[in-house]
Amino acid sequence: MSYLQENPSRPVMTISHLQEMRSRGEKITTLTAYDASFAALMDRAGIDVILVGDSLGNVIQGHTSTTPVTIADMVYHVSAVARGRHHAFLLADMPFASYGNPDQALENAAALMRAGAQMVKLEGGRHLANTVKHLVEHGVPVCAHLGLMPQSVHTMGGFKVQGKSPEAAQLAIEDAQILEKAGAQLLVLEAIPSTLGQKITQAISIPTIGIGAGPDCSGQVLVMHDLLGAFPGRAPKFVKNFLATSNSIEEAFKTYIAEVKKGQFPGPEHCFKADA
């Protein structure tokens, strides 16, 4: 059985395509996947980007955070997803403590790229500029990640909205600019006020992908299990259960894609506000 379902009318997505989408104002759709079957289904539905997230620590492995996830775990799931997608751009998380210095980051990023990733994602601000630069200089495309950073949840004191004060917002804008200058070509923004998501998107020239960062980012991402209402416990404010109004999982994926493309998701009820 082959999971690959090529559609000649649809190109294989590249970072250049994503940049072009940002330039013309077309929203970029992203979902997480961790295996070949779901990757193939969302690829067929028309998703632009598939993220193999270290969220697998929560939704697949049953941990309370992403920190137990190893590079070996990520390589395994990236290779599975790579066999299931054909058109979507494949982004992979660098897990906790896998990029403590530039050389370690390169070694682990190379393992993810060999497994099929087209880009790796790192959580952190300006302190990662040298690591980002080192990876890019060695041929590894990089996505940065600002705002709520699940790998740092213990130092952040829990899953809290970030960048709410004017000072914190300004630091986040500066971090985004520094990371872009270092060579990052994509930026995920998580759990920040909508106004800050808009300001960061306007302050840089690379695409931004929001998750709880407002409607003005270049695109959106959700964890697949959240989109399907399949993860137990209280759902974050920025989550919408698309399966609740769909007749199938594939239809739920298509509805999510359509609502992001039309600017209908996220709505005001999924967004955060800054401090007054």
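## A walk from helix 5 into strand 4

In this predicted model, a good place to begin is helix 5, whose buried residues pack against helix 4 (71–84), strand 3 (89–93), strand 4 (119–123) and helix 6 (129–137). Which residues of helix 5 are buried? They are Ala105, Leu106, Asn108, Ala109, Ala110, Leu112 and Ala115.

Now look along the helix itself. Helix 5 covers residues 102–115, and at 1.5 Å a residue its 14 residues should span 20 Å; the C-alpha atoms at its ends are 20 Å apart, so the expected and the computed span agree. At the start of the helix, find Asn101: one of its side-chain oxygens comes to within 3.1 Å of the backbone nitrogen of Asp103. Then go to the other end, where Gly116, just after helix 5, takes a positive phi of about 130 degrees.

Follow the chain onward to strand 4. Is this strand mostly covered or mostly uncovered? It is mostly covered, with five of its five residues buried. In a regular strand, side chains alternate between the two faces of the sheet. You can trace this here: Met119, Lys121 and Glu123 point one way from strand 4, while Val120 and Leu122 point the other way. Notice that the buried residues include Lys121 and Glu123 as well as Val120 and Leu122.

Next, see what lies beside strand 4. Strand 3 pairs with it in the parallel sense over three bridges, and Asp93 stands opposite Lys121 of strand 4. Strand 5 (residues 142–147) also pairs with strand 4 in the parallel sense, over four bridges. There, Val142 in strand 5 is the bridge partner of Val120.

With these pairings in mind, you can pick out two units. Strand 3, helix 5 and strand 4 make a right-handed β-α-β unit. Strand 4, helix 6 and strand 5 make a right-handed β-α-β unit too.

Finally, step back to the interior. In soluble globular proteins, nonpolar side chains tend to be buried together. The largest nonpolar core in this model has 87 residues, and Ile200 and Tyr256 are those with the most contacts inside it. Helix 8 (residues 166–182) gives the largest share of this core, six residues. To explore the surroundings of Tyr256, leave aside its neighbours within four places in sequence; among its remaining contacts are Thr29, Thr30, Leu31, Ile47, Leu222, Phe242 and Phe265.

How values were computed. Residues numbered from 1 in each chain as written. Predicted model: local features only at pLDDT ≥ 70, side-chain atom pairs only at ≥ 80, totals over all residues. Heavy atoms only, no water. Core = buried A, V, L, I, M, F, W, Y, C linked by side-chain atoms within 4.5 Å. Buried < 20%, exposed > 50% of the residue type's maximum accessible area, 1.4 Å probe, protein only. Helix = DSSP H or I, 4+ residues; strand = E, 2+ residues; numbered from the N terminus. Contact = heavy atoms within 4.5 Å. Expected span 1.5 Å × (residues − 1). Polar contact = N/O pair within 3.5 Å; in protein donor to acceptor, adjacent residues only side chain to side chain. Pairing = 2+ DSSP bridges. Right-handed = clockwise from strand over helix to strand, strands pointing away.
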